[in-house]
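Work through the exercises below with the sequence and the 3D structure at hand. Each task is followed by a solution that goes step by step.

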Amino acid sequence: MALRKIVTHPHPVLREQAAAITEFNAELRQLAQDMAETMYDAEGVGLAGNQIGVARQIAVIDISASEEERKHLVLINPALSEGEGCESGKEGCLSVLEYNAKVERFKKIRVTAQDVEGRPLDFVAEDRFARIIQHEVDHLHGTLFIDRISRLKQDMYKRKLKKLLEKK
Ligand code: ZN
């Protein structure tokens with residue numbers, strides 16, 4: 001059990017294409033467990049490998065029905081297909097300091113992946129669940145939600161971040 005350090009934009013690992021995972025072993029289970037703990041500690045709803053400096057195809061997603069009974073889903077090597085509909089909704093990110101913005105995503109998406117034991121997963125996600133998965137899968141391809149907003153908003157955030165980092 002260990003909390004991992006979450007890296008923030010503009011750290012270069014957030015821009016890396018995550019490598020496919022081929023070995024399903026104790027080390028991977030530990031990584032998944034650490035990521036879930038790190039996500040809950042940071043009060044996030046999802047966390048991708050790149051965000052803790054591990055550019056491998058792994059993401060954890062909070063699927064808890066309540067705070068007392070926490071449950072998370074581990075997605076290994078996730079791939080998205082059959083995107084349907086389009087919905088704009090607010091997003092933030094543990095790796096993007098002090099910023100939220102509306103992002104357009106598919107409303108419904110098919111997810112194929114593996115679980116932490118290497119078993120195949122294949123399901124359809126909708127609405128908020130679909131949004132979180134799309135956000136996390138973006139991370140595994142080196143994409144941040146701020147890449148999906150207007151140039152004007154990107155420039156505004158750049159200036160805000162510059163000030164923020166100067167203060168530190
Ligand atoms: Zn994120």
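A residue is called buried when its relative accessible area is under 20%, exposed when it is over 50%, and partly exposed in between. The model used here is a predicted one.

**Exercise 1.** Decide for Lys158 and for Asp155, whose side chains meet in a salt bridge, whether each is exposed or partly exposed, and find how far apart the two stand along helix H3.

Solution. Begin with Lys158, which has a relative accessibility of 52% and therefore counts as exposed. Asp155, in turn, has a relative accessible area of 29%, so this residue is partly exposed. Next, consider their places in the chain: Lys158 and Asp155 are 3 residues apart in helix H3, which means that about one helical turn separates them. Finally, the distance from N to O in this salt bridge is 4.0 Å.

**Exercise 2.** Describe helix H2 by its length and its cover, and then look at what follows just after it.

Solution. Helix H2 takes in residues 127-140, 14 residues in total, and from its first C-alpha to its last it reaches 20 Å, close to the 20 Å expected at 1.5 Å a residue. The helix is mostly covered, since 11 of its 14 residues are buried; among them are Ala130, Ile132, Ile133, Val137 and Leu140, and also charged residues including Arg131, Glu136 and Asp138. Just after H2 comes Gly142, with a positive phi of about 75 degrees.

**Exercise 3.** Find which parts of the chain are linked by the salt bridge of Asp147 with Arg15, and by that of Lys107 with Asp127.

Solution. Side chains of opposite charge can pair when their charged atoms come close. In the salt bridge between Asp147 and Arg15, the closest N and O atoms are 2.7 Å apart. This pair links distant parts of the chain, with Asp147 in the loop between H2 and H3 and Arg15 in the segment before H1, 132 residues apart. For Lys107 and Asp127 the N to O distance is 2.6 Å. Here Lys107 lies in the loop between strand S5 (96-105) and strand S6 (108-114), while Asp127 belongs to helix H2, 20 residues away.

**Exercise 4.** Name the residues that form the patch of negative charge on the surface, and place Glu43 in the chain.

Solution. The patch gathers Asp41, Glu43, Glu67, Glu68 and Glu69. Of these, Glu43 is found in the loop between helix H1 (26-41) and strand S1 (46-48), and Glu43 counts as exposed because its relative accessibility is 71%.

Definitions and conventions. Residues numbered from 1 in each chain as written. Predicted model: local features only at pLDDT ≥ 70, side-chain atom pairs only at ≥ 80, totals over all residues. Heavy atoms only, no water. Helix = DSSP H or I, 4+ residues; strand = E, 2+ residues; numbered from the N terminus. Expected span 1.5 Å × (residues − 1). Buried < 20%, exposed > 50% of the residue type's maximum accessible area, 1.4 Å probe, protein only. Patch = residues over 30% accessible without salt bridge, like charges linked within 9 Å, V, L, I, M, F, W, Y side chains within 5 Å. Areas by Shrake-Rupley, 256 points an atom, 1.4 Å probe, with all protein chains shown as cover. Charge placed at Lys NZ, Arg CZ, Asp CG, Glu CD.
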